[in-house]
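Open the structure in your viewer and set it to a cartoon display. The stops below say what to select and what is there.

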Amino acid sequence: QVQLVESGGGSVQAGGSLRLSCAVSGFPVSSYCIGWFRQAPGKEREGVALIDAKADFTRYTDSVKGRFAISQDSAKNTVFLQMDSLKPEDTSMYYCASALRSYCYTVAVSGSGAGFNYWGQGTQVTVSS
């Protein structure tokens, strides 16, 4: 049974850090494209970061470059999103999702996640000014 479970969200002040985790069961994370997405109330879902762990390939949307880092731990079958220098505009529900490895190279990283077929339930990140 495929399952993605996010954790690590919370409330922080601007400039702070959080590390989100996406624990995956049912398939090895290194065999798929794993993405982090976020959606704020009243806004469309947007992609934040993608990882093809087998190729050590990552992509980021422009607004998080230099502040966020996506990584994976194959032993734990978990993908992480380290978020530093957080801003109030980073406040959103964050989701992880999986897709075929090729998606890491073909989709717009800031896209809404079309083609990602398994999703977690989300974890809330709130950044106060």
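Start with the sheet of this predicted model. Select strands E1, E3, E8 and E7: in that order, these 4 strands make up an open sheet with antiparallel pairing. At its edges are strand E1 (3-7) and strand E7 (68-73), each of which pairs on one side only. On average, neighbouring strands of the sheet are turned by 15° against each other, direction ignored. As a rule, the strands of a sheet pair through backbone hydrogen bonds, either parallel or antiparallel.

Next, keep E1 and E3 on display. Their antiparallel pairing runs over 5 bridges. Pick Leu4 and look across to E3, where Val24 is its bridge partner.

Now select Val5, which also belongs to strand E1. Is Val5 buried or exposed? Neither: its relative accessibility is 35%, so Val5 counts as partly exposed, the class between under 20% for buried and over 50% for exposed. Leaving out residues up to four places away in sequence, Val5 touches Ser21, Cys22, Ala23 and Gln121. Add Thr78 to the selection: its C-alpha atom is separated by 9.3 Å from that of Val5, with the two residues 73 apart along the chain.

For the last stop, go to Gly15, in the loop between strand E2 (10-13) and strand E3 (18-25). Gly15 counts as exposed because its relative accessibility is 54%, and the cut-off is over 50%. Again leaving out residues up to four places away in sequence, Gly15 touches Ser85 and Leu86. Finally, select Pro88, 73 residues from Gly15 along the chain; the C-alpha atoms of this pair are separated by 9.2 Å.

Note on methods: Residues numbered from 1 in each chain as written. Predicted model: local features only at pLDDT ≥ 70, side-chain atom pairs only at ≥ 80, totals over all residues. Heavy atoms only, no water. Helix = DSSP H or I, 4+ residues; strand = E, 2+ residues; numbered from the N terminus. Buried < 20%, exposed > 50% of the residue type's maximum accessible area, 1.4 Å probe, protein only. Contact = heavy atoms within 4.5 Å. Pairing = 2+ DSSP bridges. Axes fitted to C-alpha atoms, helices over the stretch in contact; angles between N-to-C directions.
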